[in-house]
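Visitor: Could you take me through one part of this model up close? I'd like to look at the sheet, strand by strand, and at whatever packs on it.

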Amino acid sequence: MSSIRKIKTTDLELKDRLVSINRVTKVTKGGRTFSFSAIVVVGDENGIVGHGLGKANEVTTAISKGIEDAKKNLMKVPVINGTIPHEQLARYGGAHVFIAPASSGTGVKAGGAMRAVLESVGVKDCLAKSKGSSNPHNVVKATIEALLKMRDAYGVANERGVSLEKVFKG
């Protein structure tokens with residue numbers, strides 16, 4: 001896939017969004033030990049997004065570890081006029097997601113984990129549906145996979161070796 005491009009974190013204004021915190025209990029001979037895992041999505045709201053998972057004995061430490069992990073996994077996604085270029089289906093594990101472009105003023109019609117990813121990438125108007133598993137880990141990964149499958153008109157025209165107007169004539 002030519003659309004997957006790793007991005008360096010230097011000189012980027014990244015905003016982080018906490019998607020989910022999970023408390024994990026480990027039962028030992030001495031009693032119960034609690035730890036936390038946090039899923040975090042970071043993005044510059046201009047086409048760059050990444051996700052990360054942080055695990056620690058304290059919530060704040062888990063969140064900061066998740067942010068650091070997310071900054072290592074940044075990807076570039078095509079966003080055109082505040083929406084996505086075309087409809088896209090994706091699947092990760094048991095999570096199935098569907099994302100469609102919407103006209104200006106619609107807003108982000110998505111729930112939970114999908115909303116965090118779409119807002120972090122800079123999408124202002126789109127319709128989204130999550131089917132199957134609602135596990136936030138898999139929904140975030142499926143949403144990012146769907147966004148990475150997106151192709152912008154410039155890339156399609158370049159691949160076909162035609163002008164941009166011929167791509168839009170259809």
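Guide: Happy to. Keep in mind that this is a predicted model. Let's start with strands β2 and β3: β2 covers residues 31–43, β3 covers residues 48–56, and the two run antiparallel, joined by eight bridges. To get the register, look for V41, which sits opposite H51 in β3. Further along, G43 faces V49 of β3. The hairpin of β2 and β3 has four residues between the strands, and E45 there adopts a positive phi near 60 degrees.

Now go to the other partner of β3. Strand β4 is just residues 75–76, and it pairs with β3 over two bridges, again in the antiparallel sense. Here I48 is the residue to find, since K76 in β4 stands opposite I48.

Zoom out a little and you have an open sheet of four strands, ordered β1-β2-β3-β4, with antiparallel pairing. The edges belong to β1 (15–28) and β4, each of which pairs on one side only. What packs on this sheet? Helix α3, residues 136–148, does, and it touches β1, β2, β3 and β4. Compare its direction with that of β3 and you get an angle of about 160 degrees.

As you look along the strands, remember that side chains in a regular strand alternate between the two faces of the sheet. The pairing itself, parallel or antiparallel, goes through backbone hydrogen bonds.

How values were computed. Residues numbered from 1 in each chain as written. Predicted model: local features only at pLDDT ≥ 70, side-chain atom pairs only at ≥ 80, totals over all residues. Heavy atoms only, no water. Pairing = 2+ DSSP bridges. Contact = heavy atoms within 4.5 Å. Axes fitted to C-alpha atoms, helices over the stretch in contact; angles between N-to-C directions.
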